[in-house]
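Here are my notes on this one, written for someone opening it for the first time. Have a look at the model, then go through the points in order.

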Amino acid sequence: MMKPKKESTTSVVRNKYTVQFKEQALVRAECDGIPKEAQDLGLAESIPYSWRSKRRQASQPFEEQKL
């Protein structure tokens with residue numbers, strides 16, 4: 001017999017960062033490296049990598065983004 005799942009009463013809070021914050025973090029990461037910058041800002045290391053990837057995609061022509 002399966003136990004019923006308990007409903008979680010906690011919710012995930014997502015931080016929203018401004019475009020300026022993301023750009024500044026990426027500029028600093030170019031000098032210090034993403035792992036160090038993420039640690040300094042209290043971010044998961046994957047977040048700046050995601051921002052960098054999205055920035056690169058946005059700067060490409062639309063046709064190249066579909067590849």
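1. Let's start with helix α1, bearing in mind that this is a predicted model. The helix has 14 residues, which at 1.5 Å a residue should span 20 Å, and the C-alpha atoms at its ends are indeed 20 Å apart, so the expected and modelled lengths agree.

2. Now look at which way α1 faces. Ala 25, Leu 26 and Ala 29 are its buried residues to pick out. They cover an arc of only 100 degrees around the axis, so they sit on the same side of α1. Turn to the other side and you find Gln 20, Gln 24, Glu 30 and Cys 31, which are exposed.

3. Zoom out for the overall layout. The protein chain has 4 helices and 0 strands, and reading along the sequence gives α-α-α-α. Of the 67 residues in the chain, 13% are buried.

4. Next, the largest pocket. Its volume comes to about 190 Å³. Which helices each supply at least two residues of its lining? They are α1 (19-32) and α3 (46-59), with α3 giving the most, at 5 residues.

5. If you want to pick out the lining on screen, select Val 19, Lys 22, Glu 23, Leu 26, Ile 47, Ser 50, Trp 51, Lys 54 and Arg 55. Sorted by class, that makes 4 nonpolar, 1 polar and 4 charged residues. Two names here turn up elsewhere in these notes: Leu 26 is buried in α1, and Arg 55 takes part in a salt bridge with Glu 30.

6. On to the charged pairs. Side chains of opposite charge can pair when their charged atoms come close. A search of the whole structure turns up 4 salt bridges.

7. Take Arg 55 and Glu 30, whose closest N and O atoms are 3.4 Å apart. Arg 55 lies in helix α3 and Glu 30 in helix α1, so this pair ties together parts that are 25 residues apart in sequence. Arg 55 is partly exposed, at 28% relative accessible area, while Glu 30 is exposed, at 60%. The pair also belongs to something wider: Glu 23, Glu 30 and Arg 55 are linked in a network of salt bridges. Glu 23 and Arg 55 are also among the residues lining the largest pocket, so it's worth viewing the network and the pocket together.

8. Is Glu 37, the partner of Arg 28, buried or exposed? Glu 37 is buried, with a relative accessible area of 2%, whereas Arg 28 is partly exposed at 38%. Their side chains meet in a salt bridge of 3.1 Å, N to O.

9. Finally, there is a pair within one helix. Asp 40 and Lys 36 form a salt bridge, with the closest N and O atoms 2.8 Å apart. Both lie in helix α2 (residues 34-41), and being 4 residues apart there, they are separated by about one helical turn. Asp 40 is partly exposed, with a relative accessible area of 43%, and Lys 36 also counts as partly exposed, at 43%.

How values were computed: Residues numbered from 1 in each chain as written. Predicted model: local features only at pLDDT ≥ 70, side-chain atom pairs only at ≥ 80, totals over all residues. Heavy atoms only, no water. 1 Å grid on protein atoms, 1.4 Å probe; cavity = no way out; pocket = protein on both sides within 12 Å on 5 of 7 lines; lining within 4 Å. Points joined across faces, edges and corners; volume = space filled by probe spheres on them. Nonpolar A, V, L, I, M, F, W, Y, C, P; charged D, E, K, R; others polar. Buried < 20%, exposed > 50% of the residue type's maximum accessible area, 1.4 Å probe, protein only. Expected span 1.5 Å × (residues − 1). Arc of directions from axis to C-beta.
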